Structures are given as C-alpha cells and as structure tokens.
Amino acid sequence: QVQVAESGGGLVQAGGSLRLSCKASGIISIRAMYWYRQAPGKQRERVASISSGGSQNYADSVKGRFTISRDNAKNTVYLQMSSLKPEDTAVYYCNAGRIGRDLPLDSWGQGTQVTVSS
C-alpha cells in the first residue's frame with residue numbers, strides 16, 4: 001500500500017501561485033497519481049491526475065491554471081497552481097491510483113490547506 005504526505009499549502013492572495021508536493025512512501029511509477037480537494041461543506045473533488053505514462057487530466061475549473069507533474073525517482077508528485085482564485089480555497093489531498101483502475105486508494109493523507117484571499 002502506498003502512503004502519501006502532502007505539503008506546500010499556505011495563504012496566498014488571489015492571482016498568486018503555490019506549488020504543492022506529495023511524497024509517497026512506496027514506488028509510484030506504475031500507478032496513476034491524483035490531486036483532490038475538499039472545500040468546507042463540499043464533497044471531495046478530483047482536481048488533476050497523471051497516468052503512469054505521464055498523461056494529464058484536469059477538472060475544467062483548474063484547466064490552464066494548474067499543472068500536475070511527477071518525479072518517479074523521488075516518488076513525488078507536484079501540483080503547480082497559478083492564477084489562484086478564492087474558490088480554490090480547500091484542503092488539497094494527493095493519492096495513488098489502484099493498479100489497473102482509475103480510482104484512488106482507500107486511505108488518504110492529512111492534506112494541505114490552501115487559502116486564497118481576495
């Protein structure tokens with residue numbers, strides 16, 4: 001099982017940038033990796049994904065502003081966030097994908113808080 005630890009969140013003004021990091025405990029090269037977020041009172045939503053081969057997908061709300069990347073040698077995934085908006089405020093979670101399925105593992109890390117002020 002892969003466990004993850006997210007970091008890099010913080011308070012930023014609208015229009016600013018942040019880079020989130022996700023360090024995994026195990027080998028992630030054969031797995032898709034995901035970034036999700038959960039705002040207060042809302043369901044957790046997928047923000048971005050990157051396949052084992054490097055193909056990326058994004059939620060419409062972040063397309064063109066966020067970039068997901070991975071460094072398999074470091075077992076680390078990143079989320080570069082630019083042109084941040086107050087509605088991007090949420091706890092951001094990373095997770096590894098199940099082998100052969102486009103679904104995250106059952107266990108989640110603690111996440112990292114991103115707060116965007118207007």
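Colour the protein chain by secondary structure to begin: this is a predicted model, and the assignment gives 0 helices and 10 strands, so that a reading along the sequence yields the pattern β-β-β-β-β-β-β-β-β-β.

Next, show the whole C-alpha trace, which spans about 40 × 25 × 25 Å along its principal axes. The radius of gyration of the protein chain is 13 Å, and this agrees with the value near 13 Å that a compact globule would have with 118 residues. If contacts are drawn with a separation of 6 or more, residues 24 or more positions apart account for 55% of them.

Switch to a surface and colour it by atom type: the protein chain exposes about 6200 Å², of which carbon and sulfur atoms supply 46%. Buried residues make up 45% of the 118 residues. When the charged groups are selected, there are 14 positive and 8 negative charges, and their mean positions lie 4 Å apart.

Now select residues 66–71, which form strand E7, and display their side chains. In a regular strand the side chains alternate between the two faces of the sheet. Along E7, Phe66, Ile68 and Arg70 point to one face and are buried, whereas Thr67, Ser69 and Asp71 point to the other face and are not buried. Arg70 deserves a separate click, as a residue with a charged side chain that belongs to the buried set of this strand.

Add residues 76–81, strand E8, to the selection: E7 and E8 pair in the antiparallel sense over 6 bridges. To follow the register across the pair, centre on Thr67, which stands opposite Gln80 in E8.

Move from there to the end of the hairpin that E7 and E8 form, where 4 residues lie between the two strands. Which residue in this turn has a positive phi? It is Asn75, with a phi of about 50°. Most residues other than glycine have a negative phi, and most peptide bonds are trans. Is Asn75 buried or exposed? Its relative accessibility is 16%, and because the cut-off for burial is under 20%, Asn75 counts as buried.

Finally, select Ser83, in the loop between E8 and strand E9 (90–96). The phi of Ser83 is near 50°, again a positive value in a residue other than glycine. Ser83 has a relative accessible area of 41% and is therefore partly exposed, whereas Asn75, in the loop between E7 and E8, is buried.

Notes: Residues numbered from 1 in each chain as written. Predicted model: local features only at pLDDT ≥ 70, side-chain atom pairs only at ≥ 80, totals over all residues. Heavy atoms only, no water. Rg over C-alpha atoms; globule rule 2.2 N^0.38 Å. Buried < 20%, exposed > 50% of the residue type's maximum accessible area, 1.4 Å probe, protein only. Contact = heavy atoms within 4.5 Å. Areas by Shrake-Rupley, 256 points an atom, 1.4 Å probe, with all protein chains shown as cover. Lys, Arg positive; Asp, Glu negative; His and termini not counted. Charge placed at Lys NZ, Arg CZ, Asp CG, Glu CD. Pairing = 2+ DSSP bridges.
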